[in-house]
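Please explain how this protein chain is put together, beginning with its sheets and moving on to the packing, the unusual backbone positions and the charged pairs.

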Amino acid sequence: MNNQTREEMKKRLEYSIRMRNQPRMKRWLRHPLFSLKSAALHRIFRYIMTGRVLKPRVKMFWGEKMYITLPPWFEFLMYGAYSNGPELRLTKFLINHLEDNTIFFDLGANLGYYSLLASNISKNLRVFSFEPNEEIREVLEKNKRDNIQIVPEAVSNIAGHAELHYGNIVLSGVSTLNLENTMLTEWGGKLPKRTIVKTTTLDLFCHEWSIKPDVVKIDVEGAEADVLMGAKTLLEKKGLVIIMEVWIRPFTENYRRAIEILKKANFLCYGISEDGTLERVVYPKLKDYFSKIKRTCRTQSKRESIVDNLVFIHKA
């Protein structure tokens, strides 16, 4: 993808979400039909279609259609993208960073938003979408493209089988191998379902497929440290980029261990700015960076989680 195409994609993203960032009254005055549609949809699902889930195909900001679930993905329906916060900044980062012939691992692919985005950034880019949750994977399979390989396994520190805990599809497909960690969040107690899934490690998968990724996105709801423990050989790759979702509140032992593993493996740490560029965060200053993120987040209660995406790059 050349720079002109990247800028065009970012402009489409900004156009898609600009109404979301307008004050509510201004949005109603300038875009009354859009605002009425948004308000009506939320009320229909809240009061009339409670407990029901739809799986429509909606247009994303990059121009392609994607199957989603309603609820909870109203922002995909209305804006065709994550509309604010760390996921919006990560979207911009991937547009800036991904190149032709990149191998992209999407761990915790969910419905495939990032997999599809990467697939559209370059048709020469190979995407491996890891999603062990069968209910979510049914939708992900509908979003498969020629350059996307769906892997129905969980990634952990050992290959074999493990118990996957997950909630209803309206919980955005939240699922984890580490229930103890998740119990510390507002999702604790909302993951009543469980099933046995096959597990692999990044090192084993790379060996079996004779590949090594250039970019790895890890969003596995509290099992990130185990993923990295199973990637000792991969973590030696110069220039490897790892994008990891981190729960800033609560900052659990899982994330402390995961960051420590990457620090010892010679990775530099970065935050993602509003425009998708990187800002260096030295490890001793991570606490200050987390405090800054907390100040920018408006939450309903102290139990509500605050997350961010950090980027780690191996020193070349």
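The following paragraphs go through these topics in turn.

The model is a predicted one, and its description can begin with an open sheet of eight strands, whose order is β5-β4-β3-β10-β11-β14-β12-β13 and whose pairing is mixed. The edges of this sheet are taken by β5 (148-151) and β13 (278-280), each of which has a single partner strand, so that one side of each is left without a neighbour in the sheet. On average, and with direction ignored, neighbouring strands here are turned by 25 degrees against each other. Within the sheet, strands β10 (residues 215-218) and β11 (residues 241-249) run parallel and are joined by four bridges, and lysine 217 is found opposite isoleucine 243 of β11.

Two helices can be followed onto this sheet. Helix α5 (residues 85-97) packs on it with contacts to β3 (103-107), β10, β11, β12 (267-272), β13 and β14 (306-314), and the direction of α5 makes about 25 degrees with that of β14. Helix α11 (residues 253-264) also packs on the sheet, where it touches β11, β12 and β14, and its direction makes about 150 degrees with that of β11.

A further open sheet has four strands in the order β6-β9-β7-β8, again with mixed pairing. Its edge strands are β6 (154-155) and β8 (175-176), each pairing on one side only. Strands β7 (residues 160-166) and β9 (residues 193-200) run antiparallel and are connected by seven bridges; tyrosine 166 has lysine 193, in β9, as its bridge partner.

The packing of nonpolar residues comes next. In soluble globular proteins, nonpolar side chains tend to be buried together. The largest nonpolar core of this model holds 51 residues, and the members that touch the most others are Phe61, Leu94, Phe104, Tyr113 and Leu117. Helix α6 (residues 113-121) supplies the largest share of this core, with six residues. For phenylalanine 61, once neighbours within four places in sequence are left aside, the residues in contact are Met9, Arg12, Leu13, Ser16, Tyr79, Gly80, Ala81, Thr91, Ile95, Tyr113 and Leu117. Apart from the largest core lies another of 43 residues, which includes Cys206, Ile211, Cys269 and Phe290. Of the two cysteines just named, cysteine 206 is buried at 7% relative accessibility, and cysteine 269 is buried at 0%. The count of disulfides in the model comes to zero.

Several backbone positions deserve a separate look. Proline 71 and proline 72 are joined by a cis peptide bond with omega of about 15 degrees, and proline 72 belongs to the loop between β2 (65-67) and α4 (74-79). The peptide bond from arginine 249 to proline 250 is likewise cis, with omega near 0 degrees, and proline 250 lies in the loop between β11 and α11. Positive phi values in residues other than glycine are found at serine 210, where phi is near 55 degrees, and at asparagine 266, where phi is near 75 degrees. Serine 210 sits in the loop between α9 (202-209) and β10 and is exposed, with 65% relative accessibility, while asparagine 266 sits in the loop between α11 and β12 and is partly exposed, with 32%.

What do the charged side chains add to this picture? The count of salt bridges comes to 15. One of them joins the side chains of arginine 89 and aspartate 308, with 3.0 Å from N to O; because arginine 89 lies in helix α5 and aspartate 308 in strand β14, this pair ties together parts that are 219 residues apart in sequence. Both partners are buried, arginine 89 at 8% relative accessibility and aspartate 308 at 0%. A network of salt bridges links Arg89, Glu274 and Asp308.

Glutamate 279 and lysine 292 form another salt bridge, in which the closest N and O atoms are 3.2 Å apart. Since glutamate 279 belongs to strand β13 and lysine 292 to helix α12 (residues 286-296), the pair ties together parts that are 13 residues apart in sequence. Here glutamate 279 is partly exposed at 27% relative accessibility, as is lysine 292 at 33%. Lysine 285 and aspartate 288 also meet through their side chains in a salt bridge, at 3.9 Å from N to O, with lysine 285 partly exposed at 47% and aspartate 288 partly exposed at 46%.

Methods. Residues numbered from 1 in each chain as written. Predicted model: local features only at pLDDT ≥ 70, side-chain atom pairs only at ≥ 80, totals over all residues. Heavy atoms only, no water. Pairing = 2+ DSSP bridges. Axes fitted to C-alpha atoms, helices over the stretch in contact; angles between N-to-C directions. Contact = heavy atoms within 4.5 Å. Disulfide = S-S within 2.5 Å. Buried < 20%, exposed > 50% of the residue type's maximum accessible area, 1.4 Å probe, protein only. Core = buried A, V, L, I, M, F, W, Y, C linked by side-chain atoms within 4.5 Å. Salt bridge = Lys/Arg side-chain N within 4 Å of Asp/Glu carboxyl O.
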